[in-house]
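Here is a short, friendly walk through a protein model, from the pairing of its strands to the packing of its side chains. Keep the viewer open and follow along.

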Amino acid sequence: SQGVIPVAILTTSAFDATTVDPNTVLFGATGTEAAPVQSALEDVDGDGDTDLVLQFNTQDTGIQCGDTTASLTGQTLGGQAIKGSDSIKTVGCE
């Protein structure tokens with residue numbers, strides 16, 4: 001795809017997503033591929049907490065048709081390493 005993939009880092013009772021430094025975040029097949037092209041703070045899940053939404057160029061992520069997981073790595077503003085992954089479903093594959 002020529003588009004972007006939005007990825008949300010959610011704030012929970014154990015983690016404040018607003019402490020993530022967007023300049024350190026990478027996302028893709030292994031979590032080391034693409035830097036975000038845009039970031040914003042908003043309440044994505046409607047729970048009243050501010051979450052971090054990042055957008056990545058699809059072609060930069062290394063995600064291939066049929067991949068079932070994607071990962072994200074980065075650091076907080078205080079230098080704490082973060083890593084996460086989730087299941088994905090690729091669509092429009094030919």
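Two strands count as paired if DSSP finds at least two bridges between them. With that in mind, look at Q75, which stands opposite A81 in strand 6. This is a predicted model, and pairings of this kind are a good way into it.

**Overall build**

The protein has 0 helices and 6 strands, so the pattern along the sequence reads β-β-β-β-β-β. A compact globule of 94 residues would have a radius of gyration near 12 Å, and the 13 Å of this protein agrees with that. The C-alpha trace spans about 40 × 30 × 20 Å along its principal axes. About 5,700 Å² of surface is accessible, and carbon and sulfur atoms own 47% of that area. Of the 94 residues, 28% count as buried. If you take the contacts with a separation of 6 or more, 57% of them join residues 24 or more positions apart.

**Two open sheets**

In general, the strands of a sheet pair through backbone hydrogen bonds, in a parallel or antiparallel manner. One open sheet here has 3 strands in the order 2-5-6, with antiparallel pairing. Strand 2 (26-28) and strand 6 (81-87) are its edges; each has a single partner strand, so one side of each lacks a neighbour in the sheet. Neighbouring strands of this sheet are turned by 10 degrees against each other on average, direction ignored.

The other open sheet also has 3 strands, in the order 1-4-3, and its pairing is antiparallel too. Its edges are strand 1 and strand 3 (38-42), each with a single partner strand, so one side of each is again left without a neighbour in the sheet. From one strand to the next, the twist averages 20 degrees.

Three of the strand pairs are set out below.

| Strand pair | Bridges and sense |
|---|---|
| Strand 2 and strand 5 | 3 bridges, antiparallel |
| Strand 5 and strand 6 | 7 bridges, antiparallel |
| Strand 3 and strand 4 | 5 bridges, antiparallel |

Some individual partners are worth picking out in the viewer. F27 has L72 in strand 5 as its bridge partner, while L41 stands opposite L52 in strand 4. The hairpin of strand 5 and strand 6 has 5 residues between the strands, and there G79 takes a positive phi near 95 degrees.

**The nonpolar core**

In soluble globular proteins, nonpolar side chains tend to be buried together. Which residues have the most contacts inside the largest nonpolar core? They are I9, F27, L54, F56 and L72, in a core of 14 residues. The elements that give two or more residues to this core are strand 1 (4-9), strand 4 (51-57) and strand 5 (69-75). Strand 4 gives the most, with 3 residues.

F27 and L72 thus turn up twice: they are on the list of core residues with the most contacts, and they are bridge partners.

I9 is a good residue to centre the view on. Leaving aside residues up to four places away in sequence, I9 touches F15, A17, V20, D51, L52, L54, L72 and I82. Among these, L54 and L72 are also on the list of core residues with the most contacts, and L52 is the residue that L41 stands opposite in strand 4.

Notes
Residues are numbered from 1 along each chain as its sequence is written. This is a predicted model: local features need pLDDT of at least 70, side-chain atom pairs count only at pLDDT 80 or more; totals for chains, interfaces and linings use all residues. Side-chain values use heavy atoms; hydrogens and water are left out. A nonpolar core is a set of buried Ala, Val, Leu, Ile, Met, Phe, Trp, Tyr and Cys residues joined through side-chain atoms within 4.5 Å. Buried means under 20% relative accessible area, exposed over 50%, partly exposed in between (1.4 Å probe, protein chains only). Helices (H or I, at least four residues) and strands (E, at least two) are DSSP runs, numbered from the N terminus. Contact means heavy atoms within 4.5 Å. The radius of gyration is taken over C-alpha atoms; the globule rule is 2.2 Å times the number of residues to the power 0.38. Accessible areas come from the Shrake-Rupley method with a 1.4 Å probe; for residues, only the protein chains shown count as cover. Axes are lines fitted to C-alpha atoms, for helices over the stretch in contact, and angles run from 0 to 180 degrees between N-to-C directions.
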